[in-house]
Amino acid sequence: MTGFIIGLITTAAIISFAELSRKIDLKFFASLNLAVIPFIYIGFSIDPQSLMLTIPGAAFFLFFAYWGYKRLYILIVAGLALHGLWDILFPHVSAVAPPGYDIFCITIDVLLALYFYFKLK
């Protein structure tokens, strides 16, 4: 439950920043969120086996962020939603993921995907 609550608070802070920053390019901000989030997992991947999965995973989501920004915005939303699946799988790949981290990240990914979808559709 703690991971969920911290995820809600973190998401509220991200959305508040986006709403309060009138001059921010929301499409760029959405792609930046998707580009940065997966790289956090590299920090939890201290063994080579985990790194062999997290680096290509981060590149995969970076691709969605870039093409979503340049071509088709819905790719950013889809990338955030797909990242929720990655959150479910990651604890099975890395033994150093903190307890509750999956729920924390799923909360952020799903809520940000919904926010950016409705805000920029």
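Where does isoleucine 46 have its place in this chain? Let me begin there, in the loop between H2 and H3, since that is where isoleucine 46 is found. Before going further I should say that what we are looking at is a predicted model, and that everything I describe this morning should be heard with that in mind. Isoleucine 46 counts as exposed, because its relative accessibility is 64% and the cut-off for that class is over 50%. In sequence isoleucine 46 is 50 residues away from valine 96, and yet in space the two C-alpha atoms are 8.0 Å apart.

Staying with this part of the chain for a moment, let me turn to serine 50, which belongs to helix H3. Here the relative accessibility is 0%, and so serine 50 counts as buried. If we leave aside the neighbours within four places in sequence, serine 50 is in contact with Ser45, Val93 and Ser94. Leucine 72 lies 22 residues from serine 50 along the chain, and the C-alpha atoms of that pair are separated by 31 Å.

Now to the interior. The largest nonpolar core is made up of 28 residues, and the ones with the most contacts inside it are Leu34, Leu80, Leu112 and Phe116. Two or more residues of this core are contributed by each of helix H1 (2-20), helix H2 (26-43), helix H3 (48-70), helix H4 (74-89) and helix H5 (101-120). H5 supplies the largest share of the core, with eight residues. As general background, in soluble globular proteins nonpolar side chains tend to be buried together.

Leucine 34 deserves a closer look, since it is among the core residues with the most contacts. Not counting residues up to four places away in sequence, leucine 34 touches Phe61, Phe64, Ala65, Leu75, Ile76, Gly79 and Leu80. The helix that carries it, H2, has 18 residues and reaches 27 Å from its first C-alpha to its last, which is close to the 26 Å expected at 1.5 Å a residue. The buried residues of H2 are Leu26, Phe29, Ala30, Ser31, Asn33, Leu34, Ala35, Ile37, Pro38 and Tyr41, and they pack against H1, H3, H4 and H5.

What, then, do the buried residues of H5 pack against? Their partners are H1, H2 and H4, and the buried residues themselves are Tyr101, Phe104, Cys105, Thr107, Ile108, Asp109, Leu112, Ala113, Tyr115 and Phe116. As for the geometry of H5, its 20 residues should span 28 Å at 1.5 Å a residue, and the end C-alpha atoms are indeed 28 Å apart, so the two values agree.

On the H1 side, I would point to threonine 11, which lies in helix H1. Threonine 11 has a relative accessible area of 3% and is therefore buried. Leaving aside neighbours within four places in sequence, threonine 11 is in contact with Thr107, Ile108, Leu111 and Leu112.

Let me move on to helix H4, and to two of its residues. Tryptophan 86 is found in H4, and with a relative accessibility of 17% it counts as buried, because the cut-off is under 20%. Apart from residues up to four places away in sequence, tryptophan 86 touches Tyr41, Leu53, Thr54 and Phe61. Aspartate 25 is 61 residues from tryptophan 86 along the chain, and their C-alpha atoms are separated by 27 Å. Leucine 89 is also placed in H4, but its relative accessibility is 49%, so leucine 89 counts as partly exposed. Between leucine 89 and aspartate 102 there are 8.5 Å, C-alpha to C-alpha, for a pair that is 13 residues apart in sequence.

I will finish with the largest pocket, which holds about 220 Å³ of space. Of the 15 residues that line this pocket, the closest to its centre are Ile14, Asn33, Ile37, Ile40 and Ile108. The elements that give two or more residues to the lining are H1, H2 and H5, and the largest share, seven residues, comes from H2. By type, the lining divides into 12 nonpolar residues, two polar and one charged. Asn33 and Ile37 have come up already, as they are also among the buried residues of H2, while Ile108 was included among the buried residues of H5.

Note on methods. Residues numbered from 1 in each chain as written. Predicted model: local features only at pLDDT ≥ 70, side-chain atom pairs only at ≥ 80, totals over all residues. Heavy atoms only, no water. Core = buried A, V, L, I, M, F, W, Y, C linked by side-chain atoms within 4.5 Å. Buried < 20%, exposed > 50% of the residue type's maximum accessible area, 1.4 Å probe, protein only. Helix = DSSP H or I, 4+ residues; strand = E, 2+ residues; numbered from the N terminus. Contact = heavy atoms within 4.5 Å. 1 Å grid on protein atoms, 1.4 Å probe; cavity = no way out; pocket = protein on both sides within 12 Å on 5 of 7 lines; lining within 4 Å. Points joined across faces, edges and corners; volume = space filled by probe spheres on them. Nonpolar A, V, L, I, M, F, W, Y, C, P; charged D, E, K, R; others polar. Expected span 1.5 Å × (residues − 1).
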